[in-house]
Amino acid sequence: MKKYDLIVIGAGSAGLVAATTAHRAGLKTALIEKRKIGGECTHSGCVPSKAILNLAKSYSAVNHINEIGFATVKKSKVKFEKVMEHVHSIIDGIYEHETPDIFQKMGIDTIVDTAGAVFIDANTIKIGRKKLAFKNCIICTGSSPRIIPFKGSEDTTFLTNDNFWEIKKQPKSIVFIGGGVISVELGSALAQMGTKVTILEVAPRILGAVDEEVATYMTKVLEDQGIKIITNVNILSFNKEKVSLEVEGKKKTIKADAYFQAVGRVPNVSSLGLEEVGIKYDRKGLTTNRYLQTNLKHIYACGDCTTPFKFTHTASHQANICVHNVLNKKKKINDLTVLPWAVFTNPEIGHVGLTEQEAKDKFGAENIAVFKVNASIDRYITDQKTGGFLKVIFNKKDRVIGADAVGTHAGEWIQLLTIAIKNKIPAAKMADTIFPYPTYGEIVKKAFTRYLRTKK
Ligand SMILES: Cc1cc2nc3c(=O)[nH]c(=O)nc-3n(C[C@H](O)[C@H](O)[C@H](O)COP(=O)(O)OP(=O)(O)OC[C@H]3O[C@@H](n4cnc5c(N)ncnc54)[C@H](O)[C@@H]3O)c2cc1C
(Lines give C-alpha, C1' and ligand atoms only; values in the text may rest on other atoms or scores of the structure.)
Protein backbone atom coordinates (compact mmCIF):
# COMPACT_ATOMS: atom_id res chain seq x y z
CA MET A 1 0.00 0.00 0.00
CA LYS A 2 1.34 3.42 -0.96
CA LYS A 3 1.87 5.85 1.90
CA TYR A 4 1.62 9.64 1.56
CA ASP A 5 2.53 12.62 3.71
CA LEU A 6 -0.77 14.11 2.58
CA ILE A 7 -3.90 12.89 0.84
CA VAL A 8 -6.28 15.53 -0.48
CA ILE A 9 -9.85 14.37 -1.05
CA GLY A 10 -11.71 16.39 -3.70
CA ALA A 11 -10.09 18.36 -6.51
CA GLY A 12 -12.15 21.53 -6.62
CA SER A 13 -11.01 25.04 -5.69
CA ALA A 14 -9.84 23.93 -2.25
CA GLY A 15 -8.32 20.58 -3.22
CA LEU A 16 -6.32 21.88 -6.16
CA VAL A 17 -4.69 24.59 -4.07
CA ALA A 18 -4.09 22.19 -1.18
CA ALA A 19 -2.46 19.52 -3.37
CA THR A 20 -0.26 21.86 -5.42
CA THR A 21 0.86 23.92 -2.42
CA ALA A 22 1.69 20.80 -0.42
CA HIS A 23 3.56 19.28 -3.35
CA ARG A 24 5.60 22.47 -3.84
CA ALA A 25 6.46 22.39 -0.14
CA GLY A 26 7.91 18.90 -0.59
CA LEU A 27 5.13 16.70 0.77
CA LYS A 28 4.47 13.40 -0.95
CA THR A 29 0.90 14.10 -2.03
CA ALA A 30 -2.03 12.24 -3.56
CA LEU A 31 -5.14 13.96 -4.95
CA ILE A 32 -8.40 12.00 -5.21
CA GLU A 33 -11.41 13.18 -7.24
CA LYS A 34 -14.63 11.32 -7.89
CA ARG A 35 -16.07 13.45 -10.70
CA LYS A 36 -13.98 15.93 -12.64
CA ILE A 37 -10.97 17.93 -11.58
CA GLY A 38 -11.92 21.59 -11.14
CA GLY A 39 -15.03 20.83 -9.07
CA GLU A 40 -18.04 23.08 -8.94
CA CYS A 41 -16.27 26.33 -9.72
CA THR A 42 -15.01 25.16 -13.11
CA HIS A 43 -17.85 22.92 -14.23
CA SER A 44 -21.10 24.16 -12.69
CA GLY A 45 -20.45 27.30 -10.64
CA CYS A 46 -18.31 30.41 -11.06
CA VAL A 47 -16.96 29.75 -14.53
CA PRO A 48 -20.13 28.91 -16.49
CA SER A 49 -22.19 31.45 -14.56
CA LYS A 50 -19.73 34.25 -15.28
CA ALA A 51 -19.51 33.17 -18.93
CA ILE A 52 -23.29 33.30 -19.43
CA LEU A 53 -23.54 36.59 -17.54
CA ASN A 54 -20.91 38.09 -19.82
CA LEU A 55 -22.86 37.00 -22.92
CA ALA A 56 -26.11 38.31 -21.48
CA LYS A 57 -24.49 41.65 -20.71
CA SER A 58 -23.13 41.94 -24.25
CA TYR A 59 -26.51 40.98 -25.70
CA SER A 60 -28.25 43.57 -23.57
CA ALA A 61 -25.68 46.23 -24.57
CA VAL A 62 -26.19 45.52 -28.29
CA ASN A 63 -29.94 45.78 -27.92
CA HIS A 64 -29.68 49.11 -26.15
CA ILE A 65 -27.26 50.63 -28.62
CA ASN A 66 -30.01 52.44 -30.53
CA GLU A 67 -30.80 54.43 -27.41
CA ILE A 68 -27.41 56.11 -27.54
CA GLY A 69 -27.66 57.41 -31.07
CA PHE A 70 -26.24 54.65 -33.26
CA ALA A 71 -27.97 53.80 -36.50
CA THR A 72 -30.82 51.40 -35.96
CA VAL A 73 -29.66 47.92 -35.13
CA LYS A 74 -32.35 45.26 -35.33
CA LYS A 75 -32.96 43.43 -32.07
CA SER A 76 -30.47 40.59 -32.11
CA LYS A 77 -31.84 37.05 -31.63
CA VAL A 78 -30.56 34.70 -28.95
CA LYS A 79 -29.29 31.39 -30.29
CA PHE A 80 -29.37 29.64 -26.98
CA GLU A 81 -27.68 26.46 -28.14
CA LYS A 82 -24.77 28.57 -29.34
CA VAL A 83 -24.75 30.46 -26.04
CA MET A 84 -24.43 27.17 -24.17
CA GLU A 85 -21.78 25.93 -26.59
CA HIS A 86 -19.81 29.07 -25.89
CA VAL A 87 -20.20 28.54 -22.13
CA HIS A 88 -18.86 24.99 -22.52
CA SER A 89 -15.93 26.22 -24.59
CA ILE A 90 -15.04 28.56 -21.71
CA ILE A 91 -15.29 25.67 -19.22
CA ASP A 92 -13.11 23.55 -21.51
CA GLY A 93 -10.57 26.38 -21.76
CA ILE A 94 -10.20 26.42 -17.97
CA TYR A 95 -10.28 22.63 -17.67
CA GLU A 96 -7.38 22.38 -20.15
CA HIS A 97 -5.18 23.63 -17.30
CA GLU A 98 -6.68 21.22 -14.78
CA THR A 99 -6.59 17.80 -16.43
CA PRO A 100 -5.38 14.85 -14.29
CA ASP A 101 -2.19 14.35 -16.32
CA ILE A 102 -1.07 17.91 -15.58
CA PHE A 103 -1.05 17.20 -11.84
CA GLN A 104 0.35 13.71 -12.33
CA LYS A 105 3.24 15.12 -14.37
CA MET A 106 3.81 17.70 -11.65
CA GLY A 107 4.46 14.77 -9.28
CA ILE A 108 1.13 14.60 -7.48
CA ASP A 109 -0.43 11.11 -7.59
CA THR A 110 -3.79 11.97 -9.10
CA ILE A 111 -6.68 9.51 -9.06
CA VAL A 112 -10.01 10.27 -10.70
CA ASP A 113 -12.45 7.49 -9.90
CA THR A 114 -16.22 7.58 -9.47
CA ALA A 115 -15.85 5.35 -6.40
CA GLY A 116 -14.51 8.39 -4.53
CA ALA A 117 -12.44 8.26 -1.38
CA VAL A 118 -13.82 6.47 1.67
CA PHE A 119 -12.09 6.34 5.06
CA ILE A 120 -11.26 2.86 6.35
CA ASP A 121 -9.45 4.00 9.46
CA ALA A 122 -7.80 7.15 10.76
CA ASN A 123 -4.79 6.73 8.45
CA THR A 124 -6.18 4.87 5.44
CA ILE A 125 -8.65 5.53 2.65
CA LYS A 126 -9.93 3.29 -0.10
CA ILE A 127 -10.93 4.22 -3.62
CA GLY A 128 -12.77 1.18 -4.94
CA ARG A 129 -10.35 -1.63 -4.20
CA LYS A 130 -7.26 0.54 -3.97
CA LYS A 131 -6.03 1.45 -0.50
CA LEU A 132 -3.79 4.39 0.33
CA ALA A 133 -2.24 5.33 3.66
CA PHE A 134 -1.63 8.87 4.87
CA LYS A 135 0.02 10.82 7.65
CA ASN A 136 -2.23 13.82 7.06
CA CYS A 137 -5.42 14.33 5.09
CA ILE A 138 -7.35 17.38 3.90
CA ILE A 139 -11.02 16.86 3.09
CA CYS A 140 -12.16 19.23 0.32
CA THR A 141 -15.33 17.54 -0.89
CA GLY A 142 -17.44 20.66 -1.47
CA SER A 143 -21.22 20.89 -1.43
CA SER A 144 -24.23 20.04 -3.60
CA PRO A 145 -27.49 21.84 -4.32
CA ARG A 146 -30.17 21.29 -1.71
CA ILE A 147 -33.44 20.07 -3.18
CA ILE A 148 -36.69 20.65 -1.28
CA PRO A 149 -39.22 17.88 -1.89
CA PHE A 150 -42.40 19.94 -2.32
CA LYS A 151 -45.81 18.30 -2.19
CA GLY A 152 -46.48 16.82 -5.64
CA SER A 153 -43.03 17.62 -7.01
CA GLU A 154 -42.00 13.96 -7.50
CA ASP A 155 -42.53 14.19 -11.26
CA THR A 156 -40.81 17.53 -11.69
CA THR A 157 -37.22 17.55 -12.92
CA PHE A 158 -35.85 20.60 -11.21
CA LEU A 159 -32.97 22.50 -12.67
CA THR A 160 -30.07 23.20 -10.35
CA ASN A 161 -26.60 24.59 -10.99
CA ASP A 162 -25.57 20.96 -11.64
CA ASN A 163 -27.82 20.21 -14.64
CA PHE A 164 -28.62 23.71 -15.91
CA TRP A 165 -25.55 23.75 -18.18
CA GLU A 166 -26.85 20.78 -20.15
CA ILE A 167 -30.05 22.43 -21.39
CA LYS A 168 -30.05 23.24 -25.09
CA LYS A 169 -33.29 25.17 -25.44
CA GLN A 170 -33.82 28.55 -23.85
CA PRO A 171 -36.77 28.33 -21.47
CA LYS A 172 -39.41 30.88 -22.44
CA SER A 173 -40.23 31.16 -18.77
CA ILE A 174 -38.49 29.99 -15.62
CA VAL A 175 -39.25 30.09 -11.91
CA PHE A 176 -36.32 30.26 -9.52
CA ILE A 177 -37.09 28.96 -6.05
CA GLY A 178 -34.92 30.89 -3.60
CA GLY A 179 -33.81 34.49 -3.90
CA GLY A 180 -30.10 34.10 -3.22
CA VAL A 181 -27.06 34.81 -5.34
CA ILE A 182 -27.45 31.85 -7.73
CA SER A 183 -31.03 32.80 -8.65
CA VAL A 184 -30.19 36.45 -8.97
CA GLU A 185 -27.14 35.87 -11.20
CA LEU A 186 -28.64 33.22 -13.48
CA GLY A 187 -32.07 34.86 -13.43
CA SER A 188 -30.54 38.14 -14.49
CA ALA A 189 -28.58 36.45 -17.31
CA LEU A 190 -31.70 34.71 -18.64
CA ALA A 191 -33.90 37.78 -18.26
CA GLN A 192 -31.43 39.92 -20.20
CA MET A 193 -31.64 37.31 -22.98
CA GLY A 194 -35.44 37.43 -23.06
CA THR A 195 -36.61 34.63 -20.73
CA LYS A 196 -39.55 35.51 -18.50
CA VAL A 197 -38.04 35.07 -15.04
CA THR A 198 -39.83 34.81 -11.69
CA ILE A 199 -37.99 34.56 -8.38
CA LEU A 200 -39.84 33.13 -5.39
CA GLU A 201 -38.44 33.95 -1.97
CA VAL A 202 -39.80 32.81 1.37
CA ALA A 203 -38.26 35.75 3.29
CA PRO A 204 -39.47 39.37 3.08
CA ARG A 205 -36.62 40.22 0.70
CA ILE A 206 -34.21 38.62 -1.74
CA LEU A 207 -30.44 38.50 -1.18
CA GLY A 208 -30.83 37.96 2.55
CA ALA A 209 -27.06 37.88 3.13
CA VAL A 210 -26.56 41.25 1.44
CA ASP A 211 -26.79 44.73 3.02
CA GLU A 212 -30.45 45.79 3.02
CA GLU A 213 -29.93 49.00 1.05
CA VAL A 214 -27.93 47.15 -1.62
CA ALA A 215 -30.55 44.39 -1.81
CA THR A 216 -33.32 46.98 -2.21
CA TYR A 217 -31.38 48.68 -5.02
CA MET A 218 -30.71 45.35 -6.73
CA THR A 219 -34.37 44.35 -6.47
CA LYS A 220 -35.24 47.43 -8.51
CA VAL A 221 -32.47 46.69 -11.06
CA LEU A 222 -33.74 43.13 -11.51
CA GLU A 223 -37.34 44.30 -11.81
CA ASP A 224 -36.23 46.79 -14.47
CA GLN A 225 -34.65 43.84 -16.30
CA GLY A 226 -38.15 42.32 -16.34
CA ILE A 227 -37.76 39.86 -13.45
CA LYS A 228 -40.79 39.28 -11.29
CA ILE A 229 -39.80 38.98 -7.64
CA ILE A 230 -42.31 37.54 -5.21
CA THR A 231 -41.34 37.56 -1.54
CA ASN A 232 -43.00 36.12 1.59
CA VAL A 233 -43.92 33.09 -0.51
CA ASN A 234 -45.19 29.81 0.83
CA ILE A 235 -45.01 27.12 -1.85
CA LEU A 236 -48.02 24.86 -1.36
CA SER A 237 -47.68 22.25 -4.07
CA PHE A 238 -46.12 21.47 -7.36
CA ASN A 239 -46.63 19.60 -10.52
CA LYS A 240 -45.04 19.59 -13.96
CA GLU A 241 -47.41 22.24 -15.20
CA LYS A 242 -47.53 24.72 -12.38
CA VAL A 243 -46.56 25.74 -8.89
CA SER A 244 -49.23 26.73 -6.38
CA LEU A 245 -48.31 29.23 -3.76
CA GLU A 246 -49.61 31.46 -1.07
CA VAL A 247 -48.46 35.05 -0.70
CA GLU A 248 -49.66 37.03 2.28
CA GLY A 249 -52.83 34.98 2.57
CA LYS A 250 -53.62 34.96 -1.16
CA LYS A 251 -53.32 31.80 -3.25
CA LYS A 252 -52.02 31.83 -6.79
CA THR A 253 -50.49 29.56 -9.40
CA ILE A 254 -47.59 30.12 -11.77
CA LYS A 255 -46.89 28.08 -14.87
CA ALA A 256 -43.40 28.02 -16.33
CA ASP A 257 -41.28 26.05 -18.79
CA ALA A 258 -38.68 25.31 -16.15
CA TYR A 259 -38.25 25.35 -12.38
CA PHE A 260 -34.86 25.97 -10.80
CA GLN A 261 -34.14 25.18 -7.16
CA ALA A 262 -31.49 27.38 -5.54
CA VAL A 263 -32.41 27.02 -1.91
CA GLY A 264 -29.07 26.42 -0.26
CA ARG A 265 -26.29 23.86 -0.18
CA VAL A 266 -25.73 20.46 1.39
CA PRO A 267 -22.12 19.67 2.36
CA ASN A 268 -20.70 16.56 0.65
CA VAL A 269 -20.00 14.44 3.70
CA SER A 270 -22.32 11.48 3.40
CA SER A 271 -20.30 8.93 1.43
CA LEU A 272 -16.89 9.44 3.04
CA GLY A 273 -17.19 6.82 5.78
CA LEU A 274 -16.78 9.53 8.42
CA GLU A 275 -18.79 7.64 11.04
CA GLU A 276 -16.56 4.59 10.82
CA VAL A 277 -13.52 6.68 11.69
CA GLY A 278 -15.34 8.96 14.12
CA ILE A 279 -14.87 12.25 12.24
CA LYS A 280 -17.47 14.72 13.47
CA TYR A 281 -19.85 16.64 11.24
CA ASP A 282 -23.33 18.10 11.36
CA ARG A 283 -25.82 19.33 8.77
CA LYS A 284 -23.64 22.40 8.12
CA GLY A 285 -20.64 20.25 7.26
CA LEU A 286 -17.45 18.98 8.82
CA THR A 287 -16.81 20.29 12.29
CA THR A 288 -13.43 22.03 12.46
CA ASN A 289 -11.51 24.08 15.00
CA ARG A 290 -9.95 27.46 14.27
CA TYR A 291 -6.98 25.74 12.62
CA LEU A 292 -9.37 23.84 10.30
CA GLN A 293 -8.59 20.54 12.03
CA THR A 294 -11.40 18.04 12.48
CA ASN A 295 -11.66 16.23 15.81
CA LEU A 296 -8.89 13.95 14.45
CA LYS A 297 -6.11 16.54 14.44
CA HIS A 298 -4.19 15.16 11.45
CA ILE A 299 -7.34 15.33 9.30
CA TYR A 300 -8.26 18.82 8.12
CA ALA A 301 -11.24 20.17 6.16
CA CYS A 302 -11.68 23.29 4.07
CA GLY A 303 -13.93 24.91 1.49
CA ASP A 304 -17.64 24.34 0.98
CA CYS A 305 -17.70 21.06 2.96
CA THR A 306 -17.05 23.00 6.16
CA THR A 307 -17.42 26.77 5.78
CA PRO A 308 -20.66 28.75 5.65
CA PHE A 309 -18.87 31.24 3.34
CA LYS A 310 -19.11 29.23 0.17
CA PHE A 311 -16.79 30.99 -2.27
CA THR A 312 -13.87 29.84 -4.36
CA HIS A 313 -11.57 32.38 -2.73
CA THR A 314 -12.54 31.13 0.76
CA ALA A 315 -11.85 27.56 -0.34
CA SER A 316 -8.39 28.38 -1.72
CA HIS A 317 -7.50 30.61 1.24
CA GLN A 318 -8.47 27.88 3.67
CA ALA A 319 -6.55 25.28 1.65
CA ASN A 320 -3.39 27.34 2.13
CA ILE A 321 -4.08 27.54 5.86
CA CYS A 322 -4.52 23.75 6.06
CA VAL A 323 -1.24 23.06 4.26
CA HIS A 324 0.58 25.60 6.44
CA ASN A 325 -0.84 23.89 9.52
CA VAL A 326 0.16 20.43 8.29
CA LEU A 327 3.70 21.70 7.87
CA ASN A 328 4.10 23.91 10.93
CA LYS A 329 3.78 23.62 14.69
CA LYS A 330 2.84 27.31 14.89
CA LYS A 331 -0.56 27.12 13.26
CA LYS A 332 -2.48 29.72 11.26
CA ILE A 333 -6.01 30.64 12.29
CA ASN A 334 -8.94 30.49 9.89
CA ASP A 335 -9.79 34.19 10.16
CA LEU A 336 -12.45 35.29 7.68
CA THR A 337 -13.28 38.66 9.24
CA VAL A 338 -12.05 40.54 6.16
CA LEU A 339 -13.71 38.38 3.54
CA PRO A 340 -14.72 40.16 0.33
CA TRP A 341 -17.26 38.84 -2.15
CA ALA A 342 -19.10 39.96 -5.22
CA VAL A 343 -22.37 39.25 -7.00
CA PHE A 344 -21.89 39.44 -10.75
CA THR A 345 -25.15 41.05 -11.73
CA ASN A 346 -25.29 44.00 -14.10
CA PRO A 347 -24.22 46.18 -12.24
CA GLU A 348 -22.22 44.19 -9.72
CA ILE A 349 -22.49 44.01 -5.94
CA GLY A 350 -19.35 44.16 -3.81
CA HIS A 351 -18.99 43.56 -0.09
CA VAL A 352 -16.26 43.37 2.51
CA GLY A 353 -16.09 43.41 6.31
CA LEU A 354 -19.12 44.42 8.37
CA THR A 355 -22.42 45.60 6.92
CA GLU A 356 -23.95 48.76 8.38
CA GLN A 357 -26.31 46.67 10.49
CA GLU A 358 -23.58 44.33 11.72
CA ALA A 359 -21.40 47.32 12.64
CA LYS A 360 -24.28 48.93 14.56
CA ASP A 361 -25.01 45.68 16.37
CA LYS A 362 -21.35 45.17 17.23
CA PHE A 363 -20.22 48.67 18.19
CA GLY A 364 -23.42 50.68 18.65
CA ALA A 365 -24.71 53.24 16.12
CA GLU A 366 -23.04 56.10 18.03
CA ASN A 367 -19.60 54.54 17.58
CA ILE A 368 -19.58 54.17 13.82
CA ALA A 369 -19.96 56.48 10.83
CA VAL A 370 -21.65 55.50 7.58
CA PHE A 371 -20.69 57.42 4.48
CA LYS A 372 -22.28 56.96 1.07
CA VAL A 373 -21.17 58.14 -2.38
CA ASN A 374 -23.32 57.73 -5.47
CA ALA A 375 -21.82 56.11 -8.54
CA SER A 376 -22.23 59.25 -10.56
CA ILE A 377 -18.66 60.42 -10.90
CA ASP A 378 -17.00 60.99 -14.25
CA ARG A 379 -16.28 57.50 -15.57
CA TYR A 380 -19.78 56.33 -14.71
CA ILE A 381 -21.09 59.36 -16.60
CA THR A 382 -18.87 58.91 -19.70
CA ASP A 383 -19.93 55.27 -19.95
CA GLN A 384 -23.58 55.95 -19.12
CA LYS A 385 -23.32 53.63 -16.16
CA THR A 386 -24.53 55.90 -13.40
CA GLY A 387 -26.62 54.33 -10.68
CA GLY A 388 -25.54 52.48 -7.62
CA PHE A 389 -23.41 53.59 -4.71
CA LEU A 390 -20.59 52.81 -2.33
CA LYS A 391 -21.29 52.81 1.38
CA VAL A 392 -18.29 52.81 3.69
CA ILE A 393 -18.49 52.07 7.42
CA PHE A 394 -15.87 53.75 9.62
CA ASN A 395 -15.00 53.20 13.26
CA LYS A 396 -14.23 56.00 15.71
CA LYS A 397 -10.62 56.12 14.56
CA ASP A 398 -11.69 56.74 10.93
CA ARG A 399 -10.60 53.29 9.88
CA VAL A 400 -12.81 51.36 7.51
CA ILE A 401 -14.51 48.33 9.04
CA GLY A 402 -16.87 47.47 6.21
CA ALA A 403 -18.11 48.45 2.78
CA ASP A 404 -21.08 47.61 0.61
CA ALA A 405 -21.44 48.65 -2.97
CA VAL A 406 -23.51 48.25 -6.06
CA GLY A 407 -22.19 49.66 -9.30
CA THR A 408 -20.26 48.94 -12.47
CA HIS A 409 -17.23 46.74 -11.70
CA ALA A 410 -17.93 46.92 -7.95
CA GLY A 411 -16.53 43.38 -7.70
CA GLU A 412 -13.16 44.78 -8.79
CA TRP A 413 -12.85 48.02 -6.85
CA ILE A 414 -14.29 46.65 -3.59
CA GLN A 415 -10.85 45.05 -3.25
CA LEU A 416 -9.33 48.49 -2.55
CA LEU A 417 -11.43 48.55 0.59
CA THR A 418 -10.40 45.00 1.50
CA ILE A 419 -6.79 46.19 1.44
CA ALA A 420 -7.69 49.24 3.52
CA ILE A 421 -9.45 47.14 6.15
CA LYS A 422 -6.90 44.34 6.23
CA ASN A 423 -4.01 46.79 6.63
CA LYS A 424 -5.87 49.24 8.86
CA ILE A 425 -5.05 52.09 6.47
CA PRO A 426 -6.24 55.43 7.88
CA ALA A 427 -8.87 57.31 5.86
CA ALA A 428 -6.45 60.21 5.32
CA LYS A 429 -3.94 57.89 3.62
CA MET A 430 -6.59 56.46 1.33
CA ALA A 431 -7.75 59.97 0.43
CA ASP A 432 -4.16 61.01 -0.24
CA THR A 433 -3.56 58.14 -2.68
CA ILE A 434 -3.55 59.06 -6.38
CA PHE A 435 -6.05 57.18 -8.54
CA PRO A 436 -5.98 57.29 -12.33
CA TYR A 437 -8.70 59.44 -13.88
CA PRO A 438 -11.32 58.55 -15.05
CA THR A 439 -11.73 55.11 -13.52
CA TYR A 440 -14.62 53.35 -11.80
CA GLY A 441 -12.37 52.78 -8.79
CA GLU A 442 -12.12 56.53 -8.18
CA ILE A 443 -15.38 56.17 -6.30
CA VAL A 444 -13.29 54.74 -3.45
CA LYS A 445 -11.08 57.83 -3.27
CA LYS A 446 -14.18 60.05 -3.44
CA ALA A 447 -15.71 58.23 -0.49
CA PHE A 448 -12.64 58.88 1.66
CA THR A 449 -12.11 62.50 0.60
CA ARG A 450 -15.72 63.47 1.04
CA TYR A 451 -15.99 61.62 4.34
CA LEU A 452 -12.98 63.49 5.73
CA ARG A 453 -14.50 66.80 4.59
CA THR A 454 -17.48 66.13 6.88
CA LYS A 455 -15.09 65.99 9.82
CA LYS A 456 -13.71 69.51 9.37
C1 LIG B 1 -23.86 28.89 -9.85
C2 LIG B 1 -22.71 29.16 -8.93
C3 LIG B 1 -21.91 30.26 -9.12
C4 LIG B 1 -20.84 30.52 -8.28
N5 LIG B 1 -20.10 31.63 -8.49
C6 LIG B 1 -19.08 31.92 -7.66
C7 LIG B 1 -18.28 33.07 -7.88
O8 LIG B 1 -18.52 33.83 -8.83
N9 LIG B 1 -17.26 33.32 -7.03
C10 LIG B 1 -16.99 32.49 -5.98
O11 LIG B 1 -16.04 32.77 -5.24
N12 LIG B 1 -17.72 31.38 -5.75
C13 LIG B 1 -18.76 31.08 -6.57
N14 LIG B 1 -19.48 29.94 -6.35
C15 LIG B 1 -19.12 29.06 -5.22
C16 LIG B 1 -17.93 28.16 -5.58
O17 LIG B 1 -18.22 27.43 -6.75
C18 LIG B 1 -17.62 27.21 -4.43
O19 LIG B 1 -17.53 27.92 -3.23
C20 LIG B 1 -16.30 26.47 -4.65
O21 LIG B 1 -16.34 25.74 -5.85
C22 LIG B 1 -16.05 25.50 -3.48
O23 LIG B 1 -14.85 24.82 -3.71
P24 LIG B 1 -14.57 23.45 -2.95
O25 LIG B 1 -13.23 23.01 -3.39
O26 LIG B 1 -14.85 23.60 -1.52
O27 LIG B 1 -15.68 22.45 -3.49
P28 LIG B 1 -15.95 21.91 -4.97
O29 LIG B 1 -15.51 22.84 -6.01
O30 LIG B 1 -17.38 21.49 -4.97
O31 LIG B 1 -15.02 20.63 -5.08
C32 LIG B 1 -15.26 19.47 -4.33
C33 LIG B 1 -14.80 18.29 -5.15
O34 LIG B 1 -14.76 17.14 -4.32
C35 LIG B 1 -15.21 16.02 -5.07
N36 LIG B 1 -15.64 14.97 -4.14
C37 LIG B 1 -16.72 14.93 -3.34
N38 LIG B 1 -16.74 13.81 -2.61
C39 LIG B 1 -15.62 13.11 -2.93
C40 LIG B 1 -15.06 11.87 -2.53
N41 LIG B 1 -15.66 11.11 -1.60
N42 LIG B 1 -13.90 11.46 -3.08
C43 LIG B 1 -13.27 12.21 -4.01
N44 LIG B 1 -13.77 13.39 -4.45
C45 LIG B 1 -14.92 13.84 -3.90
C46 LIG B 1 -16.33 16.60 -5.92
O47 LIG B 1 -16.57 15.80 -7.05
C48 LIG B 1 -15.75 17.98 -6.29
O49 LIG B 1 -15.03 17.94 -7.51
C50 LIG B 1 -20.56 29.64 -7.20
C51 LIG B 1 -21.35 28.52 -6.99
C52 LIG B 1 -22.42 28.27 -7.84
C53 LIG B 1 -23.26 27.06 -7.61
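Reader: Before I look at strands 8 and 9, what does it take for two strands to pair?

Author: Two strands pair if DSSP finds at least two bridges between them. In this predicted model, strand 8 (residues 173-177) and strand 9 are joined by five bridges and run parallel.

Reader: Which residue is the bridge partner of I177 in strand 9?

Author: That's L200.

Reader: And how does the chain get from strand 8 to strand 9?

Author: Follow helix 6 (residues 181-192): with strands 8 and 9 it makes a β-α-β unit, and a right-handed one.

Reader: What sits on the other end of the pairing story, between strand 9 and strand 10?

Author: Three bridges, with strand 9 and strand 10 (residues 228-230) running parallel. The crossover here goes through helix 7 (residues 212-224), and this β-α-β crossover is right-handed. For a concrete pair, look at T198, whose bridge partner in strand 10 is K228.

Reader: Why is strand 9 described as largely enclosed?

Author: Start with the cut-off: a residue is buried if 20 or more other C-beta atoms lie within 10 Å of its own. Four of the five residues of strand 9 (residues 196-200) are buried, so the rest of the structure largely encloses the strand.

Reader: Now the ligand. How many residues surround it, and which are the closest?

Author: There are 36, with G10, G12, G39, G142 and G303 the closest. By type, the shell divides into 16 polar, 13 nonpolar and seven charged residues.

Reader: Which elements should I click on to see that shell?

Author: Try helix 1 (13-24), strand 2 (29-33), helix 2 (39-43), helix 3 (46-63) and helix 9 (312-327); each supplies at least two shell residues.

How values were computed:
Residues numbered from 1 in each chain as written. Predicted model: local features only at pLDDT ≥ 70, side-chain atom pairs only at ≥ 80, totals over all residues. Buried ≥ 20, exposed ≤ 12 C-beta atoms within 10 Å, placed from the backbone. Right-handed = clockwise from strand over helix to strand, strands pointing away. Near = placed C-beta within 6 Å. Nonpolar A, V, L, I, M, F, W, Y, C, P; charged D, E, K, R; others polar.
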